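Subject: Handing over the structure, with notes

Dear colleague,

Here is the structure I promised to pass on to you. My notes on what was found in it follow directly below.

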Amino acid sequence: MPNMKKGFYFLRGNVYYGEYPAAQVSGRVCISALKPEHIKTDVSFTDKDDAVKLWDNHAFTEQEFTDFERGLEIIFKCAGKTEFKEIDFTATEKRLGVSLPREIKILYKFLGADGRLTEGTERFLSLDELYTDGGYIVFYRIRRTFVGLSVDEGMVGVCRKGAWECSAGDENFFYAMNRIVVKTICSMPFVREGKITGELRAALSPEKMLQETFSGRLDILEEYWQYGNIVLFNEGGTLGWFRSNGFSANIMIGSRNEELFNDVLAAKLGVKWSDVTPKKI
């Protein structure tokens with residue numbers, strides 16, 4: 001587990017107060033320079049106080065633990081999964097010889113509700129398949145490439161051809177939510193993906209435009225943390241995944257409700273929808 005320090009930290013444009021990984025700081029931001037709506041803490045501060053900025057690939061803060069669990073709960077509810085069994089990790093920890101990080105325990109609480117997420121050539125490992133290698137707990141595989149969580153640093157690493165790579169600029173453990181969203185959408189009865197062709201394609205504030213476009217149909221999942229990506233949802237059974245790199249943008253919609261699915265597709269978004277639905281994975 002990384003060394004944690006208590007103080008103000010800056011994430012996704014907002015300031016929070018709590019524990020953060022002390023060795024994974026990339027810079028600082030003046031708290032008093034921010035608008036009040038971006039200060040998500042009641043802890044008092046002065047004009048001289050800063051909030052630390054963290055590496056993209058950093059150990060979870062308390063806020064991220066909360067958002068990770070709540071976000072997964074909403075995603076699985078959209079997929080019609082609402083029963084999550086408590087898991088006894090004692091046998092797994094004894095087999096691995098390590099205490100499982102909190103992130104892993106939260107993840108596997110939800111993975112048990114949908115066995116499809118542990119199937120295929122790109123998948124999460126089942127709880128019985130978890131293993132340790134090079135200081136990482138390996139939880140995901142993409143054919144011969146493996147993804148793991150560092151036991152000591154709480155960072156996500158990738159193993160290719162037996163060598164582990166871990167970059168401060170990569171995704172942190174929200175990588176898991178990212179994969180769950182895409183795989184869940186692709187497994188829904190009604191699925192369509194498309195390329196953004198209108199003003200939204202290179203919008204600096206796509207959240208605002210998406211909120212206006214899908215008002216009454218889909219909401220933005222505020223608990224989702226991934227730069228350039230946005231998750232949209234309707235607990236009635238629909239999920240959307242918007243991805244932008246500043247030059248081009250794509251969107252994927254999946255639903256269990258055909259009426260709601262068609263209503264979402266009819267929104268004036270500026271999308272060239274593909275004639276082929278995504279391959280189910």
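In helix H4, the residues Tyr175, Ala176, Met177, Asn178, Arg179, Ile180, Val181, Val182, Lys183, Thr184, Ile185 and Cys186 are buried, where buried means under 20% relative accessible area, exposed means over 50%, and partly exposed lies in between, using a 1.4 Å probe and protein chains only. Because 12 of the 12 residues of H4 are buried, this helix is largely enclosed by the rest of the structure. Helices (H or I, at least four residues) and strands (E, at least two) are DSSP runs, numbered from the N terminus. The span of H4 also agrees with expectation: at 1.5 Å a residue its 12 residues should cover 16 Å, and its end C-alpha atoms are 17 Å apart, the expected span being 1.5 Å times one less than the number of residues.

Please keep in mind that this is a predicted model, in which local features need pLDDT of at least 70 and side-chain atom pairs count only at pLDDT 80 or more, while totals for chains, interfaces and linings use all residues. Residues are numbered from 1 along each chain as its sequence is written, and side-chain values use heavy atoms, with hydrogens and water left out.

On the interior, the largest nonpolar core has 60 residues, of which Phe68, Leu107, Tyr108, Phe139 and Phe173 touch the most other members; such a core is a set of buried Ala, Val, Leu, Ile, Met, Phe, Trp, Tyr and Cys residues joined through side-chain atoms within 4.5 Å. Helix H4 (residues 175–186) gives this core its largest share, eight residues. Another core, of 20 residues, lies apart from it and includes Ala203, Leu218, Ile220 and Phe261.

Turning to the strands, an open sheet of six has the order S12-S13-S14-S15-S11-S16, with antiparallel pairing, two strands being paired if DSSP finds at least two bridges between them. Strand S12 (219–220) and strand S16 (271–273) stand at the edges with a single partner strand each, so one side of each is left without a neighbour in the sheet. Strand S15 (residues 249–255) is mostly covered, since six of its seven residues are buried. S15 is joined to strand S11 (residues 190–196) by six bridges, and the two run antiparallel; here Phe190 stands opposite Ser255 in S15. With S14, S15 pairs in the antiparallel sense over seven bridges, and there Trp241 has Met252 as its bridge partner, while Leu239 stands opposite Gly254. S14 and S15 form a hairpin with four residues between them, and Gly246 in the turn has a positive phi of about 95°.

Lys195 lies in strand S11 and counts as exposed, at 52% relative accessibility. Lys195 and Ser274 are 79 residues apart in sequence and 7.9 Å apart in space, C-alpha to C-alpha.

Two backbone angles deserve a look. Most residues other than glycine have a negative phi. Arg12, however, has a positive phi of about 50° although it is not a glycine; Arg12 is found in the loop between S1 and S2 and is partly exposed, with a relative accessible area of 39%. For Lys161, which is not a glycine either, phi is near 55°; Lys161 lies in the loop between strand S9 (156–160) and strand S10 (163–165) and is exposed, with a relative accessible area of 88%.

Finally, the pockets. A pocket is an open set of points on a 1 Å grid over the protein atoms alone, where a 1.4 Å probe fits, with protein on both sides within 12 Å along at least five of seven lines, and its lining residues have an atom within 4 Å of a point. The largest pocket has a volume of about 810 Å³, a volume being the space filled by probe spheres set on the points. Its lining has 29 residues, of which Arg12, Asp56, Gln226, Tyr227 and Gly228 lie nearest its centre. The second largest pocket holds about 410 Å³ of space, and among the residues that line it are Arg12, Tyr16, His38, Asp67 and Trp225. Strand S2 (14–21) and H5 each supply at least two residues of that second lining.

With best regards
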